[in-house]
Structure formats: structure tokens, C-alpha cells
Amino acid sequence: MAAVSTVFVTIGVMFIVLLSHLLFAPWIPLAQPFVQIAFSCIAFLLGGLSGWRTLKLARSKAQRKSDSRSDLPNSPKSGHPLQNSAQAIQCSVRGRGSRSSLQFPLNKQAFWRLLAVAILSGSCGVLYVLWPEKPQANLGESQHRAPAEPEIVRAATKASGVEPVQKNDDVSGEQTIQKLKRQIYNSDIVRVQLNWKAGNYGAARDLLDKYENAEKLIGFEWFYWDRLCNSELSTLTGHSSSVNSVSYSPDGTQFISGGLKGTVRRWDSATGEELQKIEAHTNTVECVVFSPTGEQFASGSRDESIKLWDAETGTELLSLEWPSEWITDLDFSLDGTMLAAASTAKTIRLWNTATGKEIQNLEGHSDLVTSVAFSPDGLVLASASSDKAIKLWDIPSGVERINFTGHTKKITCVAFSPNGNQLVSSSDDGTVKLWNVSDGAESLSLTGHSGGVASVAFSKDGSRTASAGSDTSIKVWNAVSGIELFTLVGHRQGVSGVAFSPDGTRIVSASGDQTIKVWDNTSGPDAMILSGHTSMAEGVAVRPDGKRIASCSLDGTIRLWDADDARELLIIEGNARGVRTVAFSPNGRKIAAASAWRTVGLWDADSGAKEATFEGHRFDIDCVAFNPNGKQIISASDKTVKIWNIESGTATHTLQGHSAGISYVTFSPDGSLIASSSHDKTVKIWDVESGNMIHLFDDFQNPVYGVAFSPDSLQIATIDHSRGHAIKLWNTASETLLYEIKTHSRTNTSLAFSPDGSRIVTSGWEKPIRIWDVVSGAEVLTLNGHQNYVSSVVFSPDGQRIVSASRDRTVRIWPTRPFRGPRFVESGSKQVSE
């Protein structure tokens, strides 16, 4: 009996331990030692209690059974009937729950049974807890995620809108792991975009860094964000601690930097080479500044001294002492004869740079002075303080002119505009403010940093201001309108100093991450905007070598652009009624364009000279494309597709079969097939050689606006506006639907595969451009910028750029690598007429 009880008790204990594991495992990792010990103790305790209770019940049952046997009339132990009656009464009393009937002595045999049950049950519990789990495939860093991450992944997967049409139940473990990795990556890439919008640039960078070597997962979106998060032109290292200040020489040939360990370094601005390291101070260098002539520079330190240096040799020229005070900022007057110094003493001192004699001591701030700046004419000095005020001082009288108030926290930096009419300030309250010098009125308040702003500067022409934030970013603003032009991200810690180059093309910054970075101020990291069309841009194409972009517009022109610096190279007059579509030949030497006047034109891509005109359509032409073999052109108009022989200029085939207008037509990558989509709710595949239709896709409830071949020609993607707007992927040969991606957006009219086939880009009546992961169907990137319907979008042949044309009259280049040219390109190139 005891053995059977022991077995059942053990099973019960194991059930309890298993149930506990299932209940608490999602929140408590069993791998932690203290949890193992806790489960072991629970198992021992439950085993002991269950064993004790079992023996107790067994003893009680045996006692009652013995008593009942003794009460039987034919029992050999029965005596006189009166005795039997007394025993019956006694048994009855015990049976009614008397505690004495259930008590039993813990004899030696019972003790060993109890111990055996406890040990056996507890051991089983410990073995279950400590039993090694089946090894799992390494998921990399993705398995070390916060507890809430799986929910994020599920939400991202649900939001992707993927609906597999054919479910394969025979999925290997490796495929499951790869699918999970992709879902986690897609979730993380969405979080990158959210962190970027929220100003959490460090978090965005950390997420990107996880996938730096995950070549099978990452695509255009990763390289796009990596460019935005690391958009500097160069990074200069040499300082072994935080860099606090940076200043350009007036001629732009060099800049200087000061850091935490008392060093000042000179750098060649063209090459980034360190020219000289100067052990300038015995404590942190807080500020450095060049004189207006460029012959000297000054440094201020926490060692209570100011030093002047020869800019060519780095020789110390003068040392000025300010006992018991840290020097927080310095600035030279226009002629370089005066040096203004701010300090923790709540005052500003002016020194003669030739003699070292103190000229003036300006008092008025109620807290430490953080920044000083001379006006361009040298007659006014501005000072900023932790007392949240900016003061203007008349020089040389030293009289306070105006007191500016508006910031809610310490003001960190102040600077004059080149014309002296404006003042810009930065503050720990996260704002940048522009002020009218004449009356002290606040003209603009710029917000965008997610933390305090440490430094601010004007460009030489006064059109832009740059601000350096503790959020690791530099923001460039339009100084007139206050519009944020772009954000520069690359530093790993807060940015402490920022300066424009004298020619305005570069920005240099200093940071607590021990680096100095040089940035392009002409373009920024955002999309390049190509402006020139005077009407809606309808089509765009990229030359096969990726170096030229062609765009067409309803203004009747075709424009060619340099893809690297965005210069407008050529204007071709197409047709006054407008040009709807454009394409490059495979060798890039010719351009084909279709007009609203039922003709296809062929031009030389270098000179713009017209070489041929193809006529034969009866209605306006909506689409044109070159065969990859370079010998044929296709054009779509109304319900027909024509195949043209380029050499003879004749139509070899006219493809008929659609019952409504054709929306798009394209060649397969190998040039053997043509795909056409139509408003008749079908997609047709045609054989180029024979002109016969060989495949029909008619599982659509609404017009089909676009079609594209995958790079291997094995699949086609279509834009389907039935069932909630979807991208459908089909097997080209079998005509079977593989799966669909729910876009849940307004009508898409253009789509294209990336060169590696891993991504699809779509555009349409909505302004955003969206990029989709082909494998999972998740939306991995949204590009915002166009102000109107995006009529055409393509990948560059190398997959490093997306180019789009919009009815806002612009063409945009969305890159994954820096540009070398101007951000906004003005029209003014040579013009070639037809």
C-alpha cells in the first residue's frame, strides 16, 4: 500500500512542478540558479507533505478496517454479545471523526517511508528543473531581447499583411529559425524609424549595429538608415578624452580643437591630418577660437588661464590669468586687438591681445557666464549666462544695452549673424532662438532636439544656422524661415561644439565621444531634390551604369541629371502636349520617350539629338521600355502593345487581347517575355518572338495598375486594388498565386523589384514611397518628402538608390551613400530642342 501511495504521490508532485514551470516560465528564466533552487525546495516540500499526508491517511484507513473486522459477529475474537456491542459503540465513536482515531505513532517504519517519498519526489523535481534542454540554433543577439519584444514582433508581423495562399506544413526547423530572424529584423527596422523620428539616434544606431553582418536579412532600408545615422564625411581621432570646442581658421585651411586633458590640436581641413598637438593647459580646455586675421588663436581652460598662440607654429605668445575661475568662452574683436572672456565669476573681462592688459570688466549677470560673442563691427558684445539671460554691451563704454529673456534654462551659446542684425542662442531647454538685435525681440524659436543644445553657429552668408545637441545630433536650419533643413547624425555622445567652414560647404563638430567629425553642409543626408520641371513629373529612369537619371514631364521636356552631384546636364524638348514615360537603352547611349501625341521618340543620350520617331498608335502612349538585348522597344497605348524594331523603325508585332486600356508594360530581364497589366482586370504574358499570349492572370476584381518581373523572371508582382489593396506575387510559368501583401494604403500605381529581388518599392496616389520585404511581406521603410502623387519609382541598377518622380514637379533621389553636390539644384543647363 505504501509503495503504491509513493508512486502516486511522486506523479502528483511532478504534475505540480510541471504546472508551475508552464505558468511561470514565460516570466522567470529557469536558467537562473536561484529559480532552480526554489523549484527544488518546492519539490522537496511538496514531496514531504504529500508523503506524510498519505501515510497518515493509510494508517487511519487501516485502523478503521481493523476496528470494523473486530466488530463482526463471527469473528473468532468476539466474546460475549455485550462485549461486542461495547466494541461497536467504540468503533462508532471513532468513526464519527474522533481525532484519537486518526493519531498514530511515528515509528521507525513510517519514518523511513516518509523520507523515501520526500527524497524520490524532490529528486524528480530537481531532475526536471536541471534537465538540459534541447540545444537550439543560435539566433544571434536577437534572442537576448526584452520580455515585451515578442509582442512587438507579433504586432509587426500582423501589420505586414502577409497572407500565404499556399501553406506548406513541411517546414524544417532551419526555415522556422530563418523566418523568426526575419520577423525580428523587420520589427527592429521599424523601431529604427520610430527612434529616428523621436530623436533617439543612439537607440536607432544600436539596432542597426546588430545586423551589420547579417547580409541575408538586410536590404536597401538598412543601408538607408545606416547612411542617416553615420552621415559624416570624415572622422578625426586623436583626442583621448572629450572634445569640447572647435574653430575654423578664417581662410578655411585648418581648424583647431580643445579637449578634456588640456590639449589643443591643429588639423588640416582638406586632408584631416593632425598638424600639431599642443600641451596647452594643465586642466580641461573649454574653448578655442581663431583671431579674425588667422594669425593667432586663443584657448581658455579650467586651469584659470587664457593663452594666445601663433597659428602657424603653435608657439605660445601670451598667458593671461584669472585666479579662482574657470574660463568658459572666448571671442576676438573684429580687428583682433581685444579678447573677451567669459568665466564662472559671473563677469566678462576684456583684454588687450598685444599687452595682456585688462581693459574692462563687465558686471550684470547673476550666474556664471557661458558664452560671449563680438558683433561683426566689433562695437557690441553679446553674453549669455546660466541666469537664462542674454545681454548686449556697448564697447568700449561697457554700458548694458539690451537684456534678452525667453529661454527657460541655462543658455549655453550665443552668436551674431554675419550682418549683425540677428543673434542666435542655444539652451539646455532644447531650443534655438533667433533675436532681433535692434529691439531684443524674439523672431524665431526652433525646436527639434530631444535634449539640451550645447552650441550654435551661423553660416558665413547668414542663411543657415547649425545647432549641436546632447542627443548626439547636429541640426541645420534655415535662418530666415526656421525650417529644419536636415539632421546630421554620427557622434556616439553629445555634441559639444559646432562651426561652419568659411565657404559654407562644411560643418565641423566636437563631441564627448573623443572625435571630431566633418560634414557636408551642401546636401545633408536626406533625399536629393532635382528641381527644374515646370509641370508634373510623370516618369523617371536610371542609366544602366547608374551615373545618369532621365526624367520626363507634362511640361514637354526630358531632363538628364548627374546621379552623383544632381547637376542638370541636358534638357530635351519632347512634345508640347507632355511626355509621359522615359527609358534608357541597355548601353545607356539612347533615350526613348513616349508623348501624349501617339508617338515614340528616340534621342541620343549625350547630345540630345533626335534619331527616330515611331508612329502607329491611335491613342496616347502611356508606357515605353527597351528590350534588354537593345534591339527592340515596346510601347503601350489604349488596348494594344507594339513591338518596334529599332534598326528598321517598324512594328514587328501588335499585341491585342486586352479589352480595356493598358496601364503598364515591361520586358522580362532575359528579354524573352512581355508582361502587360490592364484596366480589364487582367495581366497577360506574351512571347516576344511570336507575339502570342502564353499566360493569363485574371484573378482580380479591380483594374491592375502595375506589373513587374522579378530579376530571375520566375515571378511577377502586380498591384491589385481588390481586397484592401494588395501586392500579389505569382509564379510566372504556372500562373499560381504565391502570396499577397496587404498594403492597406490608397491606390498604388507604380512598383519595381530591387536588383537582388529581395525588396519591392511602391508608389501611387499617396505621397509616401514604401519598401516591402518580399520574403515576409513586411513594410520595412517609408520614405516621406514628396508633396503630391508619386507617379513613378525605380531602383538604380546597383540597388543603392531609389529615384522617384512626382506631380509636385520634382524628382528625388533616395540614397544609401553621401552626395558630393548641392542639395537644391537650380535649372540653368544647356537646352536642346527637338
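Contacts that reach far along the sequence make up a good share of this predicted model. Taking the contacts with a separation of 6 or more, 47% link residues 24 or more positions apart. The protein is built from 59 strands and eight helices. Out of its 834 residues, 54% count as buried. What stays accessible adds up to a surface of about 37200 Å², and carbon and sulfur atoms account for 52% of that.

One piece of the strand architecture is an open sheet with four strands, lined up in the order S7-S8-S9-S10 and paired antiparallel. Strands S7 (285-290) and S10 (316-321) sit at the edges, so to speak, each pairing on one side only. Going from one strand to the next, the twist averages 15 degrees. In general, it is backbone hydrogen bonds that pair the strands of a sheet. Here, S9 (residues 305-310) runs antiparallel to S10, and five bridges join the two. In one of these pairings, Leu 308 has Leu 318 of S10 as its bridge partner.

Then there is the inside of the protein. Nonpolar side chains tend to be buried together in soluble globular proteins. The largest nonpolar core in this model holds 32 residues, and Ile 189, Tyr 224, Trp 225, Val 761, Leu 783, Ile 802 and Trp 814 have the most contacts inside it. Both helices and strands chip in: among those supplying at least two residues each are helices H6 (173-198) and H7 (201-209), along with strands S53 (769-773) and S54 (779-783). Helix H8 gives the most, with six residues. Setting aside neighbours within four places in sequence, Trp 225 is in contact with Ile 189, Val 192, Gln 193, Trp 196, Leu 208 and Leu 781.

Terms used
Residues are numbered from 1 along each chain as its sequence is written. This is a predicted model: local features need pLDDT of at least 70, side-chain atom pairs count only at pLDDT 80 or more; totals for chains, interfaces and linings use all residues. Side-chain values use heavy atoms; hydrogens and water are left out. Buried means under 20% relative accessible area, exposed over 50%, partly exposed in between (1.4 Å probe, protein chains only). Contact means heavy atoms within 4.5 Å. Accessible areas come from the Shrake-Rupley method with a 1.4 Å probe; for residues, only the protein chains shown count as cover. Two strands pair if DSSP finds at least two bridges between them. Axes are lines fitted to C-alpha atoms, for helices over the stretch in contact, and angles run from 0 to 180 degrees between N-to-C directions. A nonpolar core is a set of buried Ala, Val, Leu, Ile, Met, Phe, Trp, Tyr and Cys residues joined through side-chain atoms within 4.5 Å.
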